[in-house]
Amino acid sequence: MALRRRFSSWFVLAGALALQARADDAAIPDCPPSPSQATAAVRPEPNNVRLVTGAPYSALGTSKTVTTLPNGDRVVRENTIRQWRDSDGRTRSEFSLSSIGGPRPLEINTTVTVIDDPEARERYLLQPASKVAVTVPIVPCRVNPSLEPDLSVGPPRPARLQMQVSTPVKLGERKMDGESVAGSRVEATIPAGAIGNDKPIQMSAEQWYGKDLQVVVEAIYRDPRTGETRYKLSEIHRAEPDARLFRVPDNYTRKPAPAPRGRR
Amino acid sequence: MENQENHPHLAHLARLYARDLTQTAPSRDLDARIDQLVAGSRMNVSAPRLRGSRLPLYAAAASFAVLAVCAGIFIGMRVEQARKVSAASEADSAWPPADLTMWPTDSVSFKIPAEYTPQGTLVAVDPDSQHARYWIDVVVANDGTFRIVQIVPADPAQKKGGHDGVAPQIQ
């Protein structure tokens, strides 16, 4: 009799936990497949952060951009991202930034640490000098593994900049550092005269996306204006990272980020 | 003597005039009328004083005009400043490197305080430094793209905003 009562109480408890887990899952919406395919129901929110659970890893991403100047000189810029993710989807990224290219290149030489905690719905940017963790609200969305990511024209750019983007071409699948990756490639053209150019500017992007880790493992971007950028994820380890990496150090003060000066 | 023996008609008229003259007495209200006339002329003289009493009105109008001119100058400066900001932003955003990225991807937006070097490049600086003249909005992503989104002149009032360098940007 006592055994039956104990069994039924365990059954009720397990059921409650399962319902709670489903309720938590339901609270996190699916990520939109791409900005161009966004609908009124599924549209990217500001500060959307992808939540990938059950796929812990740590790796080093290296981005190298080589720009060839008109006089033949080459400028090489290299930035790295050391990244960690635990089974619950928390992430830590350490951006070692040396230089960011563009019409006016930015020399930085600093390391920025960012922790994303989807459960707390907060992003922390650690400022070691002042022992401050600046907090920013984030909106987690769940990646739908059945949807293959598209190569798309990425973050918003000026609407007046004309650009013709080809349909993504699938490059098949292959193994890369033990990870199954799927490749896609798009070509983009800025027509002659759009930015004062007398000939069309051809650009391309090729990306290899890890199907298990759900991150970009390799990418090549070619843009005659800035040169060629190659990105590669190396030192991939699938072990569960140390939980302390995803916590704000105890001696840090949390301060919310100042409100933006008007949304763009 | 001849003159004393006037024409009888003239002599008659002269007698009448002499009689009227003896009967004529100064008007009793003459003084009052003179006072009234003098008072009237004083009122006319004091009219400019009345105009003088409108001085505050003119001062207020002049102040308003000065205020309007100042407001015009201020608005003009703000418009010019905004034009410079948008020109800087447009100049950069019109030339976005690495426009192509994969969706979904994980990106982080930063605000980085910086100043221009004589060579025309930007160098990150301490925001409390006197040289922090610009905020650089940067987006970095784990697909290998590192982009400068826009360059915004720093507001001197926000220099001591409590950040010790790179700050997150709410997207």
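How many bridges pair β3(A) with strand β4 (residues 91-100) of chain A, and in which sense? The two strands pair in the antiparallel sense over six bridges. Two strands count as paired if DSSP finds at least two bridges between them. Strands (E, at least two residues) and helices (H or I, at least four) are DSSP runs, numbered from the N terminus.

This is a predicted model, in which local features need pLDDT of at least 70, side-chain atom pairs count only at pLDDT 80 or more, and totals for chains, interfaces and linings use all residues. Residues are numbered from 1 along each chain as its sequence is written, while chains are lettered from A and ligands numbered from 1 in the order in which they are written. The pLDDT is the predictor's confidence in each residue, from 0 to 100. In chain A it averages 81, and 76% of the residues score at least 70. Over residues 153-157 of chain A the pLDDT stays under 50, and for this stretch the model has 13 contacts beyond four places in sequence. A contact here joins two residues whose C-beta atoms, placed from the backbone, lie within 7 Å.

The opening pair of strands belongs to a run of neighbours in chain A. Strand β3 (residues 74-85) also pairs with β2(A), in the antiparallel sense and over 12 bridges. Gln83(A) can be followed from one pairing to the other: Gln83(A) is the bridge partner of Ala59(A), and Ser93(A) in β4(A) is the bridge partner of Gln83(A). β2(A) and β3(A) form a hairpin with five residues between them, and Gly72(A) in the turn has a positive phi of about 95 degrees. β3(A) and β4(A) likewise form a hairpin with five residues between them, where Gly89(A) in the turn has a positive phi of about 95 degrees.

Strand β2 (residues 57-68) of chain A also holds Thr65(A). Is Thr65(A) buried or exposed? Thr65(A) counts as buried because it has 26 C-beta neighbours inside 10 Å. The cut-offs are 20 or more other C-beta atoms within 10 Å for buried, 12 or fewer for exposed, and partly exposed in between, with C-beta atoms placed from the backbone. Beyond four places in sequence, Thr65(A) touches Arg77(A), Gly101(A), Thr226(A), Gly227(A) and Thr229(A). Of these, Gly227(A) lies 162 residues away along the chain, yet the two C-alpha atoms are separated by 6.7 Å.

Arg238(A) sits in the loop between β15 (227-237) and β16 (253-256) of chain A. Arg238(A) counts as partly exposed because it has 13 C-beta neighbours inside 10 Å. Outside its neighbours within four places in sequence, Arg238(A) is in contact with Pro56(A) and Tyr57(A). The C-alpha atoms of Arg238(A) and Arg85(A) are 9.3 Å apart, with their positions 153 residues apart along the chain.

Two further residues of chain A stand out by their backbone angles. Most residues other than glycine have a negative phi. Asn109(A), in strand β5 (residues 106-117), has a positive phi near 55 degrees. Asn109(A) counts as exposed because it has 10 C-beta neighbours inside 10 Å. Asp177(A) has a positive phi near 50 degrees and lies in the loop between β11 (169-176) and β12 (179-190) of chain A. Because 14 C-beta neighbours lie inside 10 Å, Asp177(A) counts as partly exposed.

Chain B has three helices and six strands, in the order α-α-α-β-β-β-β-β-β along the sequence. Buried residues make up 27% of its 171 residues. Helix α1 (residues 8-23) of chain B reaches 23 Å from its first C-alpha to its last, close to the 22 Å expected for its 16 residues at 1.5 Å a residue; the expected span is 1.5 Å times one less than the number of residues. α1(B) is hardly covered, with zero buried residues among its 16.

The largest nonpolar core has 39 residues, and those with the most contacts inside it are Leu106(A), Ile112(B), Ile136(B) and Val138(B). Such a core is a set of buried Ala, Val, Leu, Ile, Met, Phe, Trp, Tyr and Cys residues joined through C-beta atoms within 7 Å. Strand β4 (residues 134-141) of chain B gives the most to this core, with seven residues. Apart from it lies another core, of 15 residues, among them Ala59(A), Tyr209(A), Leu213(A) and Tyr231(A).
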